[in-house]
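Grab a pencil and work through these exercises with the structure open beside you. Try each task on your own before you read its solution.

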Amino acid sequence: MKAFHRVLMIIAALSLGLLFLFPMWKIYLKAPQYPEGLEMHIWVNKISGSSESVLQNFNILNHYIGMEPIHAESFAELKFMPYIVIAFMITGVLIALIGKRNLAGAWTGLLMGAGAAGIFDFYLWLVKFGTNLSPQAPIKVPGMTYIPPLLGRKTLLNFEALSLPALGSLGIFLAILFGILAFYLSYRTAKKKVANTPVHSAA
Amino acid sequence: METLINKLKTAAPKAALLMAIAAGSALQSCSKSDGSGNGGATADALSSDAASAVYVAPGKHDELYSFLSGGFNGQVSVYGIPSGRLLKIIPVFSQHAENGYGYNEETKAMLNTSHGFVPWDDLHHPKLSRANGTTDGRWLFVNGNNTPRVARIDLKTFETVEIMEIPNSAGNHCSPYPTNNNEYVIAGTRFSVPLDMKGGTSDVSLENYEKEFRGSISFIKIDPKEGDMELDFQILVPGFDYDLANGGKGPSEDWVFFTTYNSEKAGTLKEIGASQNDKDYLAAINWKLAAKYAKEGKLHEMPANYYHNKMDKGTHTAKSTVKKNVRYLLPEECPGMMYLLPAPKSPHGIDVDPSGEFMVVSGKLASAIPVFSFAKMQDAIKNKAFDGEKNGIPVLKYESVLKGEVKEPGLGPLHTEFDGKGNAYTSMFVSSEVVKWKLNDLKVVDRIPVYYSVGHLMIPGGDTKEPYGKYLVAMNKITKDRYLPTGPELAHAAQLIDISGEKMKLLLDFPTVAEPHYAQAIVANKVAPNSVKFHKLDENKHPQAARKESEANVTRKGNVVHAKMTSIRSHFTPDNIEGVQVGDTVYFHVTNLEQDWDVPHGFAVMGANTSETLIMPGATQTLKWVPKKAGVYPMYCTDFCSALHQEMQGYIRVSPKGSNVPIKFSTGKKKQNIPGVASTK
C-alpha cells in the first residue's frame, strides 16, 4: 500500500466515528394527535428521540396494544456495539500503518459482515416488539401485528411509521467505501507494477 | 321658537335618509328568508374585505395576542387578533373551578389578604412588562380594584405567579403602571381614606373627609430578571380620588401622570359633590426624583399589615408572607417631586403619546380634550408659573402647560391611544364613537360609530413608544342587540377596527368574558416562542411529588392521610385505597407523570367540598377531602386524556372512625407494564 492508500484506509477507519456523533437509524411516527411528529433515534450506544421524553411517550402509546416497554437497558447490543466500533477504528488505523493490502480487504469484509448482522439484529428486535404482544392489551385487533418497517413507510393503526437510516449509518457506508477503495486502488497499483517489471526469460 | 324650526329644517333631510337606510335594511332582511334579526345598527362602515382581514385559516395562528381584563370576574381573557378567538382565561383574583385555581392546596395561598381569604376581585387594567419603553412579552401586571392588590402573570405559562396586597389603599383603580424598563410598577388609590398611620384606617366620622382622608401612591419595585415585586415606598397624597395613570417616555421618561377627581373632597353623593369644580387635577410625579429622595433618607416608616403571595417555580406551590411595615414620602417634604396641572372636570384617561411630549387628558364631562405639553410643563416649573398650591404641592397654571384643546371631539371622552403615525384615537362613551384626531394640529379627521358606548380602547402597544398601528379594539359597555339574545345578562362586546388607512374601518364584533375595562396586545412572536409546553418532572420539587409510580404511597399521621399518587395514560397509582376513616383529612397529592405536550390529567372525588384539580404534565397538585360517611367513593380523571380516559378511575374505601381496616393501596392485581416507570430513572 502506498501513502495514498494508507490515507484512504485511515479515512475509512475514522468515518466510523460518525456513529458516535449521529444516530444510525431514525423511526418517524406521524399521527393525527402528533402534528409535530414523534421520532425515535437509534444510536450505536443509546436510544433517544426528537424530545427528551420520547421513549416514555412511545411506550405510553404502545402499551395500549400490549407492546413491551422499550428501555435502553434491555438491549445488550447498546453496551457492546460501541466497543466493536472502537475495535474496528483501531484496527483500521493499525492496518493503514502496517500497510498490508489483504488486511485492508479483510477488514472491509468483516465490517460489511458486522453491518449486515447489525441490520438483521435490528430487524429481529422490530419483529419481537411488533409481535410479542400482551394478551391483556386493551386494544386487540385480530391478526394485527405492529412490526415497524425496517426501511420505508408503513401504516400501523392511526400511526404512519417511516424508518430510515441516519447520518451514523453513513459512517459505516463511508468506512466500507473507503476500505474498498484502499484495497482496490492498492491492488491496481500493484498489478501495474507487476506488469511493468521486465520478465526474465530464464524463469 | 325660530331656532327650533331651523333645527327641524336642517334635521329633516337627515331623518329622511335615516328612514331610507332603515327601510333598505328591512327589505334586505326580508329577502334573507330566515328572518333572523340583525343587530339594530348594522355597520354601514363595514368594508367589503372585512371578512378576509379577520379570517385566520384553520390551523393558522393569529398575528397578535391580546389580554382583556375581565372586570368583575377577576380574570384575564386572552384573545387572538385579528380573529377575535378566545384562547384562554387566566384566573387571577378569582377561584376558578375549571382548573382548581384558588381551590387546590397549592394555589389557595394566592388569594390570602389581610382581610382573610378573598376569592374574588374586580380586575381592571392589564399592563405588559416593558423594555426600553416597548412591550417585552415577559409578564402581565394587573390590578385588583376592590381589595387592593397587584398581580403578576408569567407569560411563559400564562399563570398568575404573584399577588401583592397594597396597604394604605382603598380601591386600587389607578394601577398598575410600569415605567419604561419595569423599574417600578405604580399603583394609586381610587378612594382616599382616613389612614391611622398604623397600617389601618381610623374609626372617624365620615363628616371629617376633608380633614382626615388621604390617598396613597405605591411604588412597586420589579426584579429585572425574575419579575418579583416588592413594595419599595409610597407617597401620601391629598385626599382626592386617583383614577388612572400613565408613564412618560423619551423626554418625559422620569415622570408619571395621574388623573384625579373629587378635588372638592366630597364624602357623599360624589356624582354631584365631586362634579362641582370646573377643573380637577392631573398630578405629575417625578418617579426618579422620588426614588432618589427615598434613598436620601426622606422616608418615614409606619407599621403595616399586608400579604405578599408568591408561586414557587419548583414546587408549583404558593406561599404567603405578611409584611409588617411600609415606608413613605410626603410630597410637602420633597420639592420638585410632584406638581398638579388643572384639568377640566373629573378627568378619566391620561395618555402620553409615543414621543412623550403630549399628555392627553380625557375629561368625561368636558366638552374638549385638553392636550398638555411636557416641554411647556418643564418651562412652567422653571418659571414658577404657579397658581397657588394644594397640600404643599404647587399647582401649575392651566394656560402655561396647555398645548391646546381638541374642539368638539364628541361626548364623554374617556381614553386615548396612539398609532405611532401622528394620530390619536379617543373613545367617546356618550356619543358611542371612536374619534381620530391629529396630534400636531388637534383637528378631528375621522369618526366611527361603535355599538354601544365604548369604554376603553386599545391599540397594540398604543400606550408605548412603538405602537402597532394596524388595529384598534373598542371595548363596549352596552351590548343590547348585537348578538342572539341570552336573557337579561348579555356578553360585553368588543369591536375590531382597522386603523391602517386614513379612514377607520369596522372589521369584527366579538363577545367577551365579563367586563373588559382595558386590554393590552403584543405581536405573537414576542410571546409564543417562550410558551412552556409542559413542566419537567425532574424539576418538580413539590414535597409530596411522586416522580415515578414506585414512589406512590398512602400514609397516615393521626387523622391526616396523605395519598401520594401518580397519573399517566390511563390510570392512577394507586387506584385502590383502603383504610381511610370518617373524619380523616385526606390530601390527594397527584403528580402527572406525562412528559408530553397537552396531556393534562384531572382529579376529582365524589362528595369533595371543593373543585376538581387539573394537573399539567410534570406538576403536582393537591385536593383536600374530608369524608363524612363510611362507604366506597369513586375518584376519576376529569380531563379526556386518552382513548381509555373513561377507565381512568379508582375507589377509596372509607371505614367508620376507629375501624381497624389498615391503610392499603394498590394498582392492578399483578405487576403490569407500567409506562410511567418505563423511562423515569
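The exercises below go through a predicted model, each with a worked solution.

**Exercise 1. Check the length of a helix**

Task: Work out what span helix H1 of chain A should have, and compare that with the distance between its end C-alpha atoms.

Solution:
- Start with the residues: H1(A) runs over residues 3–15, which makes 13 residues.
- Next, use the rise of 1.5 Å a residue, counting one step less than the number of residues. For H1(A) the expected span is therefore 18 Å.
- Now compare: the end C-alpha atoms of H1(A) are 18 Å apart, so the two values agree.

**Exercise 2. Find the buried side of that helix**

Task: Which residues of H1(A) are buried, and what covers them?

Solution:
- Look for the buried positions: they are His5(A), Leu8(A), Met9(A), Ala12(A), Ala13(A) and Ser15(A).
- Then look down the axis. These residues take up an arc of only 165°, so they sit on the same side of H1(A).
- Finally, see what lies over them. The cover includes helices H2 (18–21), H4 (77–98), H5 (101–131) and H6 (167–196) of chain A.

**Exercise 3. Read a record against the model**

Task: Where does UniProt place a "transmembrane region" in chain A, and how much of residues 7–28 is helix?

Solution:
- Take the record to begin with: the unreviewed UniProt entry lists residues 7–28, 80–99, 106–126 and 162–185 of chain A.
- For residues 7–28 of chain A, the model gives 59% helix and 18% strand, with the end C-alpha atoms 37 Å apart.
- For residues 162–185 of chain A, the figures are 79% helix and 17% strand, and the end C-alpha atoms lie 38 Å apart.

**Exercise 4. Describe where the chains meet**

Task: How many residues does each chain give to the contact between chain A and chain B?

Solution:
- Chain A puts in 13 residues and chain B puts in 10 residues.
- Sort the chain A side by type, and you get five nonpolar, seven polar and one charged.

**Exercise 5. Explore the nonpolar cores**

Task: Which residues of the largest nonpolar core touch the most other members?

Solution:
- The largest nonpolar core has 131 residues, and the ones touching the most other members are Leu282(B), Ile285(B), Leu341(B), Val434(B) and Ile497(B).
- Ask who contributes: strand E13 (residues 229–237) of chain B gives the most, with six residues.
- Zoom in on Ile497(B). Leaving out residues up to four places away in sequence, its contacts include Val434(B), Ile448(B), Tyr471(B) and Leu507(B).
- Another core, of 39 residues, lies apart from the largest one; among them are Met9(A), Phe88(A), Phe178(A) and Leu537(B).

**Exercise 6. Link a loop to a helix**

Task: Is Ser252(B) buried or exposed, and what does it touch?

Solution:
- Place it: Ser252(B) is in the loop between strands E14 (241–247) and E15 (255–261) of chain B.
- Count its neighbours: there are 23 C-beta neighbours inside 10 Å, so Ser252(B) is buried.
- List the contacts: leaving out residues up to four places away in sequence, Ser252(B) touches Val352(B), Gly356(B) and Phe374(B).
- Follow Phe374(B) into helix H6 (residues 374–382) of chain B, where Phe374(B), Met377(B) and Ala380(B) are buried. They cover an arc of only 115°, so they are on the same side of H6(B).
- Check the end of the helix too: just after H6(B), Lys384(B) takes a positive phi of about 50°.

**Exercise 7. Spot some unusual backbone angles**

Task: Which of Asn132(B) and Leu442(B) is buried and which is exposed?

Solution:
- Both have a positive phi without being a glycine: about 50° for Asn132(B) and about 60° for Leu442(B).
- Asn132(B) is in the loop between strands E6 (123–131) and E7 (134–144) of chain B. It has 11 C-beta neighbours inside 10 Å, so Asn132(B) is exposed.
- Leu442(B) is in the loop between strands E28 (433–438) and E29 (444–449) of chain B. With 20 C-beta neighbours inside 10 Å, Leu442(B) counts as buried.
- To finish, look at two cis peptide bonds: one joins Arg569(B) and Ser570(B), with omega about -5°, and one joins Thr573(B) and Pro574(B), with omega about -10°.

How values were computed:
Residues numbered from 1 in each chain as written. Chains lettered and ligands numbered in written order. Predicted model: local features only at pLDDT ≥ 70, side-chain atom pairs only at ≥ 80, totals over all residues. UniProt positions renumbered as here; feature names shortened; annotations may be inferred. Helix = DSSP H or I, 4+ residues; strand = E, 2+ residues; numbered from the N terminus. Contact = placed C-beta atoms within 7 Å. Nonpolar A, V, L, I, M, F, W, Y, C, P; charged D, E, K, R; others polar. Buried ≥ 20, exposed ≤ 12 C-beta atoms within 10 Å, placed from the backbone. Arc of directions from axis to C-beta. Core = buried A, V, L, I, M, F, W, Y, C linked by C-beta atoms within 7 Å.
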